[in-house]
Structures are given as C-alpha cells and as structure tokens.
Amino acid sequence: MALIEIAGLEVVFAARGEAVRAVRGIDLSVEPRESFGLVGESGSGKSTVLRALCGLAPVSAGRALIDGRAPPALGRIGSRDRAFARRVQMVFQDPYGSLHPRHTVDRVLSEPLLVHGLGGRRERDRRVEAALQDVGLDASFRFRYPHQLSGGQRQRVAVARALMLEPSVLLLDEPTSALDASVQAEVLNLLSRLREERGLTFLMVSHDFAVIDHMCDRLAVMQQGRIVEVLDREALARGAVREDYTRALLAASQAHAPVQ
Amino acid sequence: MKPLLEVEDLKVAFDTPGGRVEAVRGVSFTLGRERLGIVGESGSGKTMTGRAILRLVQPPGRVTAKRLAFDGRDLLSLPERGMRALRGRRLAMVMQDPKYSLNPVMTVGRQLTEGLRRRDRLSAGAARRRAVAMLEAVQIRDPERVMGAYPHELSGGMGQRVMIAMMLIPEPDLLIADEPTSALDVTVEAEVLRILDGLVRERGLGLIFISHDLPLVARFCDRVLVMYAGRVVESLAASELEQARHPYTRGLLRCLPAVGGPRGPLPTLRRDPGWAE
Ligand SMILES: Nc1ncnc2c1ncn2[C@@H]1O[C@H](COP(=O)(O)OP(=O)(O)OP(=O)(O)O)[C@@H](O)[C@H]1O
Ligand SMILES: Nc1ncnc2c1ncn2[C@@H]1O[C@H](COP(=O)(O)OP(=O)(O)OP(=O)(O)O)[C@@H](O)[C@H]1O
Ligand SMILES: [Mg+2]
Ligand SMILES: [Mg+2]
C-alpha cells in the first residue's frame with residue numbers, strides 16, 4: 001500500500017461568506033522511500049495539499065492519509081499526535097511564521113526532543129549542535145532569536161527542526177527557496193543522504209524545476225487546484241510532457257540553466 | 001549625471017549577548033537609473049544593506065557610513081519625519097518576508113489603497129481600481145477576492161506579489177527588491193520582471209535587485225555586486241558573470257542542479273577563510 005495516499009481530495013476555505021476552492025479533487029500516491037515532487041502555478045494549492053496531510057487544512061471531501069490514517073485532529077495534544085510527529089514532519093514555506101518569535105534557536109531545536117523524552121541534557125546538547133552544523137550554521141547561532149537571523153538562516157533552522165525527531169516522512173514546502181546555490185546544494189545533499197541512510201519518503205514542493213528533477217523520482221504539475229500532469233524523471237529528461245504549462249516550465253528552466 | 005544613490009563604506013553591526021555581529025562591513029557603490037543585482041551567500045548582509053539604506057535597521061543594530069545619499073540628499077542626517085516621507089513616496093523596499101511585513105489584521109485592499117487615499121487623495125473608487133489593476137499586472141488570478149483577503153489567506157507567491165504591487169503603487173524612484181520572485185514559478189516571475197524592467201526603462205526607476213539566483217541576475221540586471229561575509233567581493237557587468245574572478249562567484253554556478261543532470265551529490269563550495277578578510 002502507498003505510504004501517502006490522497007484520493008478525491010478537496011479543500012474549501014470559507015472566507016467572508018465566499019468559498020475558496022483551493023484543492024479541487026486530486027489523487028496522488030507516494031510509495032515508501034519514494035521522493036515525489038509538486039510543482040505548479042503560484043496559488044495552485046501545493047502548500048494546501050501538504051497542510052491537509054498534517055491536519056492543518058480543512059478537508060471538505062476525499063482523503064489525505066499517511067500510513068492509511070488521517071492526521072490527528074488539530075489542537076489536541078495526545079499520544080497519537082506525538083506518534084504522528086515522530087513519523088511525519090513538515091518544513092513550512094514561510095520559515096519566519098513557523099518559528100516561535102520568542103524562542104531561541106536552541107529552544108526551537110531541543111524542544112521536540114524534550115517533549116518526546118529523547119535523551120538527557122548532554123545528548124540533547126549534542127544533537128542540537130550537530131543539527132546546526134548539518135545545515136551550515138556554527139555554534140554562534142545557537143542562542144539567537146529568529147529575528148536575529150537572515151532569511152536563509154531561518155529557513156535552515158526550520159529544516160534542522162524538522163529533522164530533530166528523525167521522521168520517516170518529510171513534507172518539504174520550498175525548503176531551499178531562500179538559499180544561495182552553495183548553501184542550497186549542501187541542504188539538498190543533506191536531505192538526499194538522509195533519505196538514503198534512513199529510507200525516508202519525501203513529498204516536496206518547489207517552483208524550481210531543476211531542484212525537483214534532482215531530488216524526485218516522480219512529479220505532479222498543479223494548476224488551479226488540480227493535478228494536470230504526472231511525470232517521472234525519465235519522461236522529463238526526454239521532454240515527453242503533455243501540458244503546455246509544463247512545457248513552459250521546462251523550457252524556462254532550461255533557458256535558466258547556468259552558463260558554464 | 002548625478003547618481004540616484006551613493007553608498008560609501010556602509011557598516012551595520014549588532015551587539016548581542018553572544019558578541020558583536022558585523023553584518024555589513026564597508027560596502028560602497030553608486031546606483032543610477034539602472035538594474036543593480038546584489039547576490040551572495042545566505043547571511044552575507046544583502047538584506048541589511050537594503051534596510052540600512054532605508055534606515056530600517058532596528059536597534060540594537062547600528063548603521064554607519066562615510067556617505068549615504070539619495071538624489072544628493074544626505075540620508076544619515078535626515079530627521080525621521082523626512083525619512084518617513086521619502087519612504088512613503090520615493091523610496092520603497094519589497095521585503096524578503098512579505099507575508100510578515102504586511103499588516104496581518106488589515107485586508108489586502110485596505111493596505112493597497114491606504115496610501116492612494118491619504119497621500120494622493122484619490123476617491124475610494126479610484127483607489128480601488130488602481131489597486132485591482134496593479135494586482136492584475138502582477139498576475140493575481142482573482143484580484144477581487146484577494147482585495148478582501150487577509151495576508152494569512154494568501155499563498156506564498158501571492159503574498160510576494162501583493163507586496164510588490166504595494167511598493168509599486170506610489171511609483172517610487174528607488175526600489176529595493178529583496179528576493180522578490182523567490183516564491184514564483186518562472187511564468188509569473190517573467191511577468192513581474194517585465195514590469196520592473198519597464199519601470200527602469202520608461203520611468204527611470206533605480207532598482208536594487210537582491211537575489212540568490214545568479215543565472216536570473218545575469219539575465220535581468222545591468223550590473224552585479226557579489227557579497228560575501230558582509231563585503232562586496234566582486235562587482236561586474238551582468239554580461240561578464242561568466243568571467244567572474246572571485247572563487248565564491250565561480251564556485252556558485254557549479255553548485256546548481258540542472259534538469260536531466262546527474263543524480264549524485266551536488267558539488268559544494270570549499271570556503272576559504274581568506275574570503276572573509
Ligand atoms: N486560510 C485560507 N483562507 C482562504 N484562502 C486560503 C487560505 N489558505 C490558502 N488559501 C487560498 O488557497 C489557494 C491555494 O493556496 P496555496 O498556499 O496552497 O498555494 P500554493 O500552490 O502553495 O502557491 P505558492 O506557490 O504561491 O505558495 C490560494 O488561492 C489561497 O489564496
Ligand atoms: N538582529 C540581529 N542581531 C544579530 N545578528 C543579526 C541580526 N540581524 C541579522 N543578523 C546577522 O547579520 C548577517 C547578515 O544578515 P542579512 O539578513 O543581511 O543576510 P542576507 O545576505 O540577506 O542573507 P539571506 O540570503 O539568508 O537572506 C547574518 O549573519 C545575520 O545572522
Ligand atoms: Mg505555497
Ligand atoms: Mg536576506
């Protein structure tokens with residue numbers, strides 16, 4: 001059975017009496033250890049799909065399951081939530097909004113360990129330091145607050161936090177959008193290495209076709225709340241795409257290819 | 001011709017309990033009515049350079065410069081009131097965190113029309129039409145809904161475009177755009193760049209385009225400054241990026257993945273401590 005299973009998913013937000021149909025019936029399954037990419041227009045519902053898988057968006061119809069189960073209901077702290085958090089972590093698109101403004105980096109990274117009763121003080125310290133190092137931040141960042149970090153440093157803290165509990169499923173929403181090429185390469189290499197070592201499963205959103213192609217086995221293209229095309233890496237390499245929109249994305253990413 | 005902006009030996013430092021952080025360490029450049037790209041490593045001081053020019057660095061951050069002048073006027077000695085007046089009209093910055101720079105409890109429509117109503121004394125209807133037109137220009141699909149939405153109801157890329165629209169409405173002379181297209185797919189990005197390009201050509205806008213996307217900057221900008229650890233380590237014409245000399249700049253291009261490229265680990269940079277001297 002697929003690890004991530006989305007079937008007939010619809011997400012409708014109610015905004016001042018108006019219904020915003022963010023996701024309009026999508027089907028998608030991701031196998032264990034697979035890395036699956038989502039690309040598409042801005043506003044097409046990519047983040048909403050990831051949020052639905054975490055129980056952070058209202059599912060109006062259909063289902064969004066991980067391990068055959070729906071995410072725990074929002075706002076309840078129970079043992080199921082803890083089990084879910086250990087298995088599934090998300091890196092949010094907005095690193096600023098997802099880091100508590102009055103918690104230091106140290107607290108952001110050690111809290112998950114504390115909540116789950118993992119390791120003593122020494123062990124937590126060691127893991128926090130290692131996690132920072134993994135994302136290219138030295139120890140001087142450990143006691144900073146989010147507003148004392150640059151955009152890309154914040155994004156790296158968000159990635160590090162998601163990895164603290166060693167989850168087996170990672171939902172990654174534009175995880176390197178604020179990083180320059182050199183740091184992006186380091187973070188992508190880290191994610192790939194962990195996937196290999198721990199058999200992780202990724203569902204990853206990026207507007208950068210080259211990043212998706214590098215990281216993912218298959219990808220889906222979204223437009224206005226729907227999936228318009230699913231491709232594997234090989235089809236992409238051959239340029240075997242059906243939709244004009246996908247072709248435009250592909251052409252643009254090739255035109256953008258670095259000048260060597 | 002007199003430059004629009006003159007920056008000489010700009011420094012930004014923070015004294016924190018953990019020690020002094022020198023975010024910007026002596027940056028100098030001038031800007032005409034052109035597209036100047038600033039690229040550089042995460043944490044190299046790009047955002048702080050932009051904020052310092054607009055005098056938006058919060059305490060305990062301290063900004064010093066030998067010269068910081070806009071249109072011949074010294075910005076460092078300008079009283080805060082004068083600075084605020086400039087920021088509302090002639091200087092603008094698209095923030096890197098658009099959704100958190102917008103007012104969370106005010107609708108997009110009100111934020112977009114406020115200045116038009118107060119500063120330009122437009123009627124409610126006229127201000128609204130201007131705002132909707134600007135949202136359409138940045139490719140927002142349903143501008144009427146977005147006018148009534150709060151920032152948290154927008155997607156990442158929509159928030160970015162709302163912020164761009166808001167900064168373009170007062171028709172500034174100098175725009176600092178901090179990673180303005182980092183959440184946009186290439187088709188929308190191309191449209192936003194087309195608008196900015198038009199403003200530089202037709203209205204003589206001076207644009208500082210901060211981005212980590214080197215190939216994009218190479219195509220879009222006239223000149224590029226490369227920052228590393230708080231300094232400008234290289235300054236060159238965008239068309240000469242291929243002939244970059246600094247090892248950081250040269251190394252960057254090799255780190256990029258490409259569609260159909262090899263699957264193994266991406267090349268990374270070997271940073272030399274000497275680069276930060
Ligand atoms: N809380 C909410 N209330 C109302 N509408 C919402 C809410 N959250 C998202 N939306 C709407 O749902 C649609 C999809 O948003 P989503 O964030 O999933 O897009 P996205 O594909 O991630 O776009 P981007 O690439 O720009 O981040 C958008 O039109 C957005 O305005
Ligand atoms: N309030 C603060 N206190 C201490 N250090 C700070 C503060 N704000 C920023 N810094 C530091 O200043 C340096 C420059 O930050 P800046 O935001 O200008 O980087 P940037 O080049 O924009 O990076 P990015 O591409 O990641 O956004 C960073 O190392 C950052 O950690
Ligand atoms: Mg999104
Ligand atoms: Mg920045």
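Which residue of chain A forms a salt bridge with B:K99? The partner is A:D94, and the closest N and O atoms of the two residues are 3.7 Å apart. The model is a predicted one. This briefing covers the contact between chain B and chain A, two magnesium sites, several salt bridges, and two single residues of chain B.

**Interface of chain B and chain A**

- On the chain B side, 52 residues are in contact with 56 residues of chain A.
- The two chains bury about 4,300 Å² between them, and 54% of that area is on carbon and sulfur atoms.
- Six salt bridges are found across this interface, and the pair B:K99 and A:D94 is a salt bridge.
- Polar contacts across the interface join 22 residue pairs, with both residues of each pair at pLDDT 80 or more.
- Several helices of chain B each supply at least two residues of the side that touches chain A, among them helix 3, helix 6 (143-148), helix 8 (186-203) and helix 10 (247-254).
- Helix 7 of chain B gives the largest share of that side, four residues.
- By residue type, the side of chain B that touches chain A divides into 22 nonpolar, 17 polar and 13 charged residues.

**A salt bridge between the chains**

- B:R263 forms a salt bridge with A:D217, with the closest N and O atoms 4.0 Å apart.
- This pair crosses between chains: B:R263 is in the segment after helix 10 of chain B, and A:D217 is in the loop between helix 8 (209-215) and strand 8 (218-223) of chain A.
- B:R263 has a relative accessible area of 32%, so it is partly exposed.
- A:D217 also counts as partly exposed, at 26% relative accessibility.

**Magnesium site in chain B**

- The magnesium ion that is ligand 4 has two protein donors, B:T47 through OG1 and B:Q96 through OE1, lying 2.0 to 2.3 Å from the ion.
- B:T47 is in helix 1 (residues 46-53) of chain B and B:Q96 is in the loop between strand 7 (91-94) and helix 3 (98-101), so the pair ties together parts that are 49 residues apart in sequence.
- B:T47 counts as partly exposed because its relative accessibility is 21%, and the cut-off for buried is under 20%.
- B:Q96 falls on the other side of that cut-off and counts as buried, at 18%.

**Magnesium site in chain A**

- For the magnesium ion that is ligand 3, the protein donors are A:S47 (OG) and A:Q93 (OE1), at 2.0 to 2.2 Å from the ion.
- A:S47 lies in helix 1 (residues 46-53) of chain A, while A:Q93 lies in the loop between strand 5 (88-91) and helix 3 (95-98); the two are 46 residues apart.
- Both A:S47 and A:Q93 are buried.

**Salt bridges within a chain**

- Over all chains, the structure holds 44 salt bridges.
- B:D222 and B:R35 meet through their side chains in a salt bridge of 2.6 Å, N to O.
- That pair links distant parts of chain B, 187 residues apart: B:D222 is in the loop between helix 9 and strand 10 (223-228), and B:R35 is in strand 3.
- B:D222 is partly exposed, at 29%, whereas B:R35 is buried, at 12%.
- B:R90 forms a salt bridge with B:D173, the closest N and O atoms being 2.5 Å apart.
- B:R90 sits in the loop between helix 2 (80-89) and strand 7, and B:D173 in the loop between helix 7 and strand 8 (174-178), 83 residues apart.
- B:R90 is partly exposed, at 23%, and B:D173 is buried, at 19%.
- In chain A, a network of salt bridges links A:D106, A:R121, A:D125, A:E129 and A:R142.

**Two residues of chain B**

- B:S44 lies in the loop between strand 3 (35-40) and helix 1 of chain B, and it is buried, at 1% relative accessibility.
- A polar atom of the B:S44 side chain lies 2.7 Å from the backbone oxygen of B:E41.
- Beyond its neighbours within four places in sequence, B:S44 is in contact with residues including B:A23, B:M227 and B:R231.
- B:R128 is in helix 5 (residues 124-137) of chain B and counts as partly exposed, at 37%.
- The side chains of B:R128 and B:E144 make a polar contact at 2.7 Å.
- Outside its neighbours within four places in sequence, B:R128 is in contact with B:T113, B:E144 and B:M147.

Note on methods: Residues are numbered from 1 along each chain as its sequence is written. Chains are lettered from A and ligands numbered from 1 in the order in which they are written. This is a predicted model: local features need pLDDT of at least 70, side-chain atom pairs count only at pLDDT 80 or more; totals for chains, interfaces and linings use all residues. Side-chain values use heavy atoms; hydrogens and water are left out. Donors are N, O and S atoms within 2.8 Å of the metal (3.2 Å for Na, K and Ca); water is not among the atoms, so sites may look incomplete. Buried means under 20% relative accessible area, exposed over 50%, partly exposed in between (1.4 Å probe, protein chains only). Contact means heavy atoms within 4.5 Å. Buried area is the accessible area (1.4 Å probe) that two parts lose on being put together, summed over both. A polar contact is a pair of N or O atoms within 3.5 Å; within protein, one must be able to donate a hydrogen and the other to accept it, and residues adjacent in sequence count only if both atoms are side-chain atoms. Ala, Val, Leu, Ile, Met, Phe, Trp, Tyr, Cys and Pro count as nonpolar, Asp, Glu, Lys and Arg as charged, and the others, Gly among them, as polar.
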